[in-house]
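Student: Can we walk through this one together? I'd like to start with the strands.
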Amino acid sequence: MSRILIVEDEKKIARFLELELEHEGYEVATAEDGRTGLEKALSWKPDLMILDLMLPELSGIEVCRRLRHESDLPIIMLTAKDDVSDKVMGLDMGADDYMTKPFAIEELLARIRVGLKKRRVSESYYPSFTPVITCGDLTLDAGSYTVTCKGTPVLLTKKEFDLLRYLMQHKGQAMTRDSLLTDVWGYDYTGDTNVVDVYIRYLRHKIDEPFGIKTLYTIRAVGYMFNYE
């Protein structure tokens, strides 16, 4: 039975979500403020968190930021404002997905299934997971969610970090765009694969170009490969 933590200060919404998720067969815990939510996330070890953006004690953004130093727990962020900047900030701080209130419970349930699938995929693809990976001058520490190159910190968003980690774990292997979408983004994707190209460009701009190295190779008609001696 998957565990889901709801961090929401609006009691009616929290109770509604709790009942719906329990009806779907999930084990559910709740918290009414950000500080309690963070403590429960670290102690109760849920499989997924539903996190409101506006919370007392600690904001959803701050909870997300602090949690990412300790865990890669899937996070769906809820926001009452349909503001692109809030959504972008939440995703950059480590949220995996977001929904704007009001929302249809059916859509939230679908996004929960995607988030849980992503977690299972991640666990299956990192069976012998090593927290620290070092390739040449590049070091990735999954425990602290940090990357350094030639001793200098490299600031990455969560998705950039996840993509780099996956490629480094598969050093020297050509990975297709479809496999990257399925294994890093956590869902089956049959449409435009341009999102992978965009994130590879982001990583090259933050790592290869400023440090004068080459780690991300384009494999024509296939996808990408990480290699750095």
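Tutor: Sure. One term comes up at once: two strands pair if DSSP finds at least two bridges between them. Strands are DSSP runs of E, at least two residues, and helices are runs of H or I, at least four, numbered from the N terminus.

Student: Which strand does β1 join, and over how many bridges?
Tutor: β1 (residues 3-7) is joined to β3 (residues 48-52) by four bridges, and the two run parallel. Opposite L5 stands M49 in β3.

Student: Anything I should know about the model?
Tutor: The model is predicted: local features need pLDDT of at least 70, side-chain atom pairs count only at pLDDT 80 or more, and totals for chains, interfaces and linings use all residues. Residues are numbered from 1 along each chain as its sequence is written, and side-chain values use heavy atoms, with hydrogens and water left out.

Student: What's the strand order in the open sheet?
Tutor: β2-β1-β3-β4-β5, five strands with parallel pairing. At the edges are β2 (27-31) and β5 (97-100), each pairing on one side only.

Student: What holds paired strands together?
Tutor: Strands of a sheet pair through backbone hydrogen bonds, either parallel or antiparallel.

Student: New topic. How do β7 and β8 pair?
Tutor: β7 (residues 138-141) and β8 pair in the antiparallel sense, over four bridges. In β8, V147 is the bridge partner of L140.

Student: What about the turn there?
Tutor: This hairpin has four residues between its strands, and Y145 in the turn has a positive phi of about 55°.

Student: And which residue has a positive phi in the β8-β9 turn?
Tutor: K150, at about 55°, in a hairpin with two residues between the strands.
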